[in-house]
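Work through the exercises below on aromatic contacts. Each has a task and a stepwise solution.

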Amino acid sequence: MNQRSDFQPKIIAFACHWCGIGRNEINPVEEFPKFKLIKLLCTGRISSALLLKTFEKGADGVVVFGCPEGKCHYNFGNKNAIKECKLSQSMLDLLGMNGKRLRSEFDFFDQDGGLDEIMDEFVQNVKELGPNPLRID
Amino acid sequence: MITDIIKKTKAYFCLDCGKCTAICPVTRYNRSYSPRKLVIKTVNSPDGNTLSDERLWNCLSCMMCQLRCPSGIDYIEFTKLMRKDARESGFLGQSTHGNVFESLWKIMANTKINQNRLNWVTSDLKVSDNSEYLYFVGCLPYFDQFFSDLNAQIIKIAQSTVKILNFFGVEPKILKDECCCGHDLLWTGDLDGFKSLAEKNVKLLKDANVKYVITTCPEGLVTFRFDYPKFFGDLGIKFLHITEFISEKITSERIELKPLNKKVTYQDPCRLGRYLGIYQQPREVIGSIPGIEFKEMERSGRKSVCCGTSCWTNCDRYSKLMQMDRLKEAKSTGAELLLTACPKCLIHFSCAQKDENYPEENRIKVADLTTIFCEALGGI
Amino acid sequence: MIDALRVALQKEQIKLNFPELSKEIHTLTRLEPSACKVACPAGVDVKAYVGLIIARRFDEALEVVKQTNPLPGICGRVCTHPCESECNRRKVDEPVAICALKRFIADWELKNGTKKSRPVERTKKERVAIVGSGPAGLTCANDLIRKGYGVTIFEALPIPGGMLTAGIPPFRLPREIIQTEIEAITDLGVELLTNTRVGEDIGLEELLEKNYQAVFMAIGAHKGLKLGIPGEGEYQGILDAVDFLRRVSTGDKTRPGRRAIIIGGGNSAIDASRTALRLGCEEITIVYRRSRKEMPAASAEIEEAEKEGVKLRYLTAPGRVLGKNGKVVGMECIKMRLGEPDSSGRRRPIPLEGSEFTIEADVIIPAISQKPDISFLPKKFEFRISKWDTFEVDPVTFATNIPGFFAGGDAVTGPSTVIDAIAHGHFAARSIDRYISHKDLKKGIDPAPKLSEWGFKLEIEGEKPIERNPIPRLPLEQRLHGFEEVDLCFTEEMAVAEAKRCLRCGPCIECRECVPGCSKRLVMLHFPDEYDQDLEKIPEFILRVPVDPKKLPWDERSKKVLLSWIDEEEKKRELSLTLEPIVCYVDRDLCRGCGDCVKICEYNAVELKPCGDGTFVSEIDQALCKGCDTCLAACPSGAIKAKHFTSQRIEKLIDSCLSKNERKNESKK
């Protein structure tokens, strides 16, 4: 993969409405400096189809933020999300895209605590992996 | 142009006799679907709204109707071309599994993708880069991952195949970067998607420098034999289904097989049977295994019924009914094992039996022919 | 207050509503417009801009004002603010200082850089002539140029502004404010010809020949009335207030005399007295025949004049002018008492026999009233003129009896207020537009509603009094040396604090946040143009409010709150809306009855129902479903569908996320 020094990964995050990521309640999409956040009602909505679609559309990395296990607002949505994320990771591995392009974090985050560190690390990982071959520039 | 499709498929020859609809397995369950009506409607008003008709997506392309049609209308080609126009007009069928396979294919088709799909090649399987034979695995590793909860052991098909080939002294070549043959995209009207996958495969196959390509997927075989030459000319390669290969070998060589005391029956995959005329070879393969008691289903051979869904599209209530009836039919032969030669049949029949409400008396194990033959050879 | 909200809001609990992700929706019923808005002759959305000031969105507040009032800085200083007189806060303590707030936002823009107006594209070939560049003429020009007409204003004086410049002294209305606001209008493409007196430099009939399709006469009332007492006209030293103020405004800063008598009780009298003071007059007496209570001038102005040293003599009428050597030396006055109220509602002054006394003075400035100077009208035009020399016009259309000629402002009412003139300018512009496009001038126009008809009941019990922020003023010792502005502007903190005193009559603060604020365009509002109602169109709007409006008050969230303003036409109709709940549903034909969804759902919202042919179909109980969509993600056949988070929608969001990035990168390059 061609490693460009100015490579700015396009990262899409999915989060549920309840896990505390995101600052406003109204916009379904929010822009953070390092990633764009798409908010769903519950991470249970996430299927491997959706995650792979995001990669197909050219995202360099995808993060799923959900509530901690057992703390899902709907009790069970994140269990399904965990399963789907694992499945998608194995599919990405098969495709040679590396499952590390997909990260799932099931924890509550404060606005400032923890989130930045995770995202810094993830962005670094994705930078090392290089751009998504399907990325359209 | 729809008028071109009518001309090309000879749809205007339709006599309105209704034989197609009478034989159509979908119509049997879903009364709103009728091949005759679709054809007549399109012929009568080519500018009409057939493209937006969602019933266009109910066809299984099982070719049942086409064999009965007195006018020789190419109904499956009609469906294929109409779906292409429909897709271009923005109409689509209901894809299953959230359309995950289309994403997979689109990613696979990218030339910069380096797949990592050979984990299933265990050390006891002998493969070689210098061989006349190439085993085209197709989507099996992906299906195996995606349908892991069906316990259908899909990747075992590939492993058994290599074992079988090894048994007959063939160390097949295996491609690291082959991708889906494009069958499903072609049949859901995405010609561009098909071409991008096929181009990648054609290049790989040409570079592989082999004489024979063995497949375990009848859909792939149909696509290689009939569709690739249409777009890319003759590749100079003989494409064989694994059952063709085995049946040829067992008639020419004497082999020792382990007896398997099982009552089995066989599902003719549409592509293998009606499309390619490979009815006899799978039966020869089954018959060669000592101890096996083979029961023919009532509807078999040319009359065999489809496994209920195709191309990951419109897998609905009627598909389920069709599958349940077919499984009941298989069970009623007294067989304990339903054999098939197509991974999709395996997936669909396993899936249909997955739910708790499935009637216990109709439950029947489903397996691919290759895995059983491999077992008879000494097994994995 | 809370009760009023409760009446107006019908909260409907529905557990859903996708894009805003809120659990509740609210139906707003706007009972009636706020009193301040109804009270304003020009219909300025007072509550809207006050609400925006609270949110510290001053530029948008000014936008709101400018929609109906093109002269915010001027009105913020000299408006008689009828809105404040009707403000419901007055029932608690004192009205909100609306006028000063308007001035604040106008000054805020001046301080933070005026947005330059861009010329409006001329879309119509017709041209309109406007005679007079006072508030009525300017407003009319502003409206018409925005409609795409060509507009020319003819001004007789060397400086534009009409009575704003000629009649109001700079210490109340600095010239640069007038200049800025006139420039904002001329920058739109209005042609302004000063030193061009219609009737002398160009004839009225010539205008029609020069291809103006309509004429708006906003000539004002610049001719002072005579006192009608003995000695008037015999001696030098009698100077009408309007002439005096105009002379000063156009540059003559000579002292009129040492001692001055000013006659009258209106704003002109006070303005004249305070101007004379600044020109060096030592002794100034205002003579008014009624008591202070009846004085029409703004009470704040009277107070300021007194503080500056002007003497006021109430219940005193001029008797005769005293003169010596052809010059005025004083005036004989007579004391009055108040009798029964007359037709104007004010008590009639009655002279007290034998109470004559004398005030010494070098100059007498009558400021009793003015009338329009209609000498420019050619004989062949037979305009209908009242006995006060004002134009008689249709009260709704402002059309004169001669087609194509319209009149407004003081020329119609006699000396009146700036805000009335602005209102006339709007009405005349509407009529002129209709006249040129051959539409019925009157169709569909209701006379403005009167306040009493609205019958707004506001529960003010429990409202704590909050002191009105006093308007800062220039210290006395700094005033009299020049014409520096006396009233000063609120500071930002004062303005916000003052705006917060607004009781927000009615549930909607008219912040209009909802339209730009709703990224999904769910809030649709129909804002009918008050002056341009296309009456064939039925106003249509849907209102969806995802946040409890009661939570909005003044916290940070009010910036996000989606509230609405509802068209007055629709004031009586209750708005209700139906939103589809966030639930999943099953396409029965597609469902294979595998039961994956049943296994997943812990709410027992999904059930398998037998179909009778051996298959099952799952059914989602919409009352139990919480819309988490997990079953949708797990459904293999795609039979479960979402009403809100559809795959197409999410894909669009992904697309937008990925493409936005690109756009940004491009702009960086």
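The exercises concern ring pairs, a ring cluster and charges over rings in a predicted model.

**Exercise 1.** Classify the pair formed by A:F35 and A:F65, and place both residues in the chain.

Solution. Step 1: the structure holds 35 aromatic pairs over all chains. In the pair A:F35 and A:F65, the centres are 6.2 Å apart and the planes make an angle of 50°. Step 2: planes under 30 degrees apart count as stacked and over 60 as edge-to-face, so 50° makes this pair tilted. Step 3: A:F35 sits in the loop between β2 (29-31) and β3 (36-40) of chain A, and A:F65 in strand β4 (residues 61-66), so the pair links distant parts of the chain, 30 residues apart. Step 4: buried means under 20% relative accessible area; A:F35 has 5% and A:F65 has 0%, so both are buried.

**Exercise 2.** Do the same for C:F398 and C:F427.

Solution. Step 1: the centres lie 5.8 Å apart with 20° between the planes, and the pair is stacked. Step 2: C:F398 belongs to the loop between β16 (370-371) and β17 (405-407) of chain C, whereas C:F427 belongs to helix α16 (residues 418-436), 29 residues apart. Step 3: C:F398 is buried, at 6% relative accessibility.

**Exercise 3.** Which residues form one aromatic cluster in chain B, and which ring has C:K124 over its face?

Solution. Step 1: the cluster consists of B:F136, B:F194, B:F224, B:Y228, B:F231, B:F232 and B:F239. Step 2: C:K124 lies over the face of C:Y149, 4.9 Å from the ring centre. Step 3: C:K335 lies over the face of C:F357, at 5.7 Å from the ring centre.

Conventions:
Residues numbered from 1 in each chain as written. Chains lettered and ligands numbered in written order. Predicted model: local features only at pLDDT ≥ 70, side-chain atom pairs only at ≥ 80, totals over all residues. Heavy atoms only, no water. Phe/Tyr/Trp six-rings, centres within 6.5 Å; stacked < 30°, edge-to-face > 60°. Helix = DSSP H or I, 4+ residues; strand = E, 2+ residues; numbered from the N terminus. Buried < 20%, exposed > 50% of the residue type's maximum accessible area, 1.4 Å probe, protein only. Lys NZ or Arg CZ within 6 Å of the ring centre and 35° of its normal.
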